[in-house]
Amino acid sequence: MFQVRIHGRGGQGVVTAAEMLSVAAFLEGKYAQAFPSFGSERMGAPVMAFCRISDKEIRLREPIMEPNAVIVQDSTVIDSADAFRGVVEKGFILVNSTNDIICNLKNVTLKCIGATEIALEHIGRPIPNAVLLGSFAGLTGILKLESVIEAIKTKFSGAIAEKNIHAARVAYDKTLGEA
Amino acid sequence: MLYQLEGSHAIARTVALCRPGVVCAYPISPQTHILEGLEELIRGKKLENCEYLNVESEMGALSVAIGGEAAGVRSYTATSSQGLLYMIEAVYNASGLELPIVMTLGNRALGAPINIWNDHSDAMSARDAGWIMFFAETNQEAADLHILAFKVAEKVHCPVIVNVDGFILTHAYDRVDIPSQDKVDDFLPPYAPKASLDVNHPVAIGTMVPPEYFMEVRHLAHRKQEDSLAVIECTAHAFEKKFGRNSGGLLRRYGSPNADTVIVAMGSVAGTIKDAVDELNQEGGQFEELSIICYRPFPAEALRNSLKNAKRIIVVEKSLAVGIGGILSREVELTMKGCDVDVITVVAGLGGRNITKSMLKECFNKKSHEKITFLGLRNDIIGKQYVPINGDCC
Amino acid sequence: MSHLTIGNRLEKNVTAQSMYDRSNSLTSGHRACQGCGEALAARCILDAAYIATDGKVAVINATGCLEVFSCVYPENSWQIPWLHSLFGNAPAVATGVAAAFKRQGKENVRVIAQGGDGALADIGMGCLSGMFDRNDDVLCVCYDNQAYMNTGVQRSGATPAFSRTATTLPTGDYLGNDVQTGKNLPKIAMAHGIPYVATASVSNIHDLEKKVAKAIHLKGARYLHVHVPCPLGWGYPTSETIKVARLAVQCGLFPLFEAERGKVIKSTPINAPLKVEEYLKGQRRFAHLFGKNASSDALITLQNIADDNIREYALVGDPNE
């Protein structure tokens, strides 16, 4: 089972990101379970969402405490949310940031990408979730970019979908190119 | 067809396949997405011939459903927590009038203190209201139970609450098979009311019943619920035959048969318990998980048969009756009266407290238990806040 | 409809109640008190609705006297489809029935929600307001006897100033129900802007029937507020229900009017208004305002309320016109 935890702030599409991730996995014939950190968070408050991906039916209903990957949509929550907590060995950390991020975990792949900048350039809005999913596909290889693109289409339509898909592709290529 | 859907939307789409004619909506977390989903399906003409009413309160919501059903139309609503308490008078009324309304309860704690997270306190507050009550383990079952609910409700003329764990299921994206309209139509024929408001055959519904007849009314309601057990079992078999999967029924067993220890639970926590049981059994343990799917009518006989070889029964329940303790565990204990078996109460997940596999394993592995265990209780807080009241009268 | 002509009544002025083949929507044998204004009004209204719809009417009844006295199992006085659910939800249940009828293509079957002032002004106001707000296809009838009569005459939100009830007992300086409290349900209904609001009195059957016949066919939410004296709760001889109701209208304390979309369109004139004392003095609930501890201030206050109504609803025409 591959477990992903996504951190960010309300309004950045954190929950939608987890949902799209689960849809992408589903489209590849896998089992997936996405859920938010249930709360009454308002716009701007730190939020979390989770996604499990597996070849078997997923029965577990606990929050993800030992993720294989963490996606941070807003680097300002890293300390307050203890975002890297529990990441397993050989795990992945993907942070939306143009600066380098300090991580004390050993044997973990850390990747920073300016997802907000990419989003602003290609989508015109600072919503980094689809961009980060493109990067996630490139970084982890857990999902195909094509699946992520199909998942984006289930959440967005028309020009917005096209722009998000393009931005996800840019992030995917950039991530692979820098690997 | 398989979809990756939010639990609430899976329920909304399945309810729509059941072709309700009246749907009443009043928002309360965590059920709101279900009624939003239905609104979308109705406005988008995916569900036709359905009146969608935005009402002013939960009392209004269930009352409109009572009217719809009394006039002979399949009616549906959903609520949670305080919403169920706000409509509770109508909850008792609907069952007393034998109106087969189906209502989803997105299970949530009751305040005060206000808490929007999951537990089963709301369901327990309506356990004696005369409704049939199902508990869903997964989003697939949550969806399927609605088809079963309409079928059973209309057969026995009794309303049904489908309990779905708030947030844990309602807000989780998961793989769900949504059946075809043809299959559902075939399984669930149009609603044929027992008696309805009809100008050609005028009847008075809801008259006052004096002491000379009231006890008989209640007795018959009890007999009807007891008889419903067989209907619920039989309907689940028919469902499996039609749709090719096991959903609903009275109860479900998992793990090592004839295990020493049986863990009894309701709702989505069964999934985590199954994972725990698998690991414990791999480590040499003898554990079984038993989910109660049909909580009302209480499947006492089926339960007693399933538990007759158990040495120890651990009931994991998401509710607490303050002043007495476990609710489900008391019922299990009564069911097992006369058997040589320990029934242990584990209260877990109140107000959305996380229930983890490791907490459960540790609890199940313990050799002896307190009279009542509060899983994951923060003893630091209790130590500070609990001040014993002295026994004096003044 | 065929009928017998009695005396010198003209055909066009015949009320449903004088027809030999009247529907008896609420038939005899029920358990209402002698002189019950509510029972009388209910029969008049439902028979009128029955005639106007050719028998296509269904009734949702709130808990209260009308429900309790009309059907105690196994007896039942209702000759029309009738349902009682709860005290506070009759308008919402009626909404559900109307929605179901629409769904079944039976919109020609008209739906009436009915209850007392307790059911509608107090406990069920939320459901009533919701029904108005959605403009549901329901006619709601309030039988206003100005207190909770079913439970033994306690104060409701519609109890008039200075009225004695079991929970507003005049004692010492306390003269019964306070002034400037209570709810004016017809005005609250009008504030929702619904298609039709009317007041009526059980003392004026012709007017009452006309309003029912008009309201029953209008689409959307409609409200009819009927003044129904209660001999038990108000304390007057059971033979005087009609007289008491008529005096309330003639002194201006209960104005009769019709409103459409929130605007009064018509009121029933009272050409020579009586003093409010004429209405009050025959009722035990106001007896403390008379006699040796009489309160002239209270009577002036009540007279002012009546005078305000007369002005507001133009109940007395300008004599110079």
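Two strands are taken to pair if DSSP finds at least two bridges between them, and helices (H or I, at least four residues) and strands (E, at least two) are DSSP runs numbered from the N terminus. In the predicted model described here, local features need pLDDT of at least 70 and side-chain atom pairs count only at pLDDT 80 or more, whereas totals for chains, interfaces and linings use all residues. Residues are numbered from 1 along each chain as its sequence is written, and chains are lettered from A and ligands numbered from 1 in the order in which they are written.

The model scores ipTM 0.95 and pTM 0.96. For chain C, the average pLDDT (the predictor's confidence in each residue, from 0 to 100) is 93, and 95% of the residues score at least 70.

Two residues are regarded as in contact if their C-beta atoms, placed from the backbone, lie within 7 Å. Among the 2 pairs of chains that touch, chains B and C share the most contacts, while no contact joins chain A and chain C, whose closest C-alpha atoms lie 27 Å apart. The contact between chains B and C involves 37 residues from chain B and 39 residues from chain C. On the side of chain B that touches chain C, at least two residues each are supplied by strand E3 (51-54), helix H3 (58-70), helix H5 (88-96) and strand E9 (204-205) of chain B, and H3(B) gives the most, with 9 residues. This side of chain B has 21 nonpolar, 12 polar and 4 charged residues, where Ala, Val, Leu, Ile, Met, Phe, Trp, Tyr, Cys and Pro count as nonpolar, Asp, Glu, Lys and Arg as charged, and the others, Gly among them, as polar. Strand pairing also crosses between the two chains, as E9(B) and strand E2 (residues 82-84) of chain C run parallel and are joined by 2 bridges; in E2(C), Trp82(C) is the bridge partner of Ala204(B).

Chain B contains 14 helices and 16 strands. Its radius of gyration, taken over C-alpha atoms, is 21 Å, close to the 21 Å that the globule rule gives for 394 residues, so chain B is as compact as a globular protein of that length; the rule is 2.2 Å times the number of residues to the power 0.38. Of the 394 residues of chain B, 55% are buried, a residue being buried if 20 or more other C-beta atoms, placed from the backbone, lie within 10 Å of its own, exposed if 12 or fewer, and partly exposed in between.

Chain B is divided into domain 1 (2-243) and domain 2 (251-384), with bounds that come from an automatic or database domain assignment. The centres of these domains of chain B, taken over C-alpha atoms, are separated by 27 Å, and 27 residues of domain 1 are in contact with 21 residues of domain 2. On the side of domain 1 of chain B that touches domain 2, helix H6 (121-125), strand E6 (132-135), strand E7 (160-165) and helix H9 (211-243) of chain B give two or more residues, the largest share, 5 residues, coming from H9(B).

Chain C has 11 helices and 8 strands. The radius of gyration of chain C is 19 Å, which agrees with the value near 20 Å for a compact globule with 321 residues. Buried residues make up 54% of chain C.
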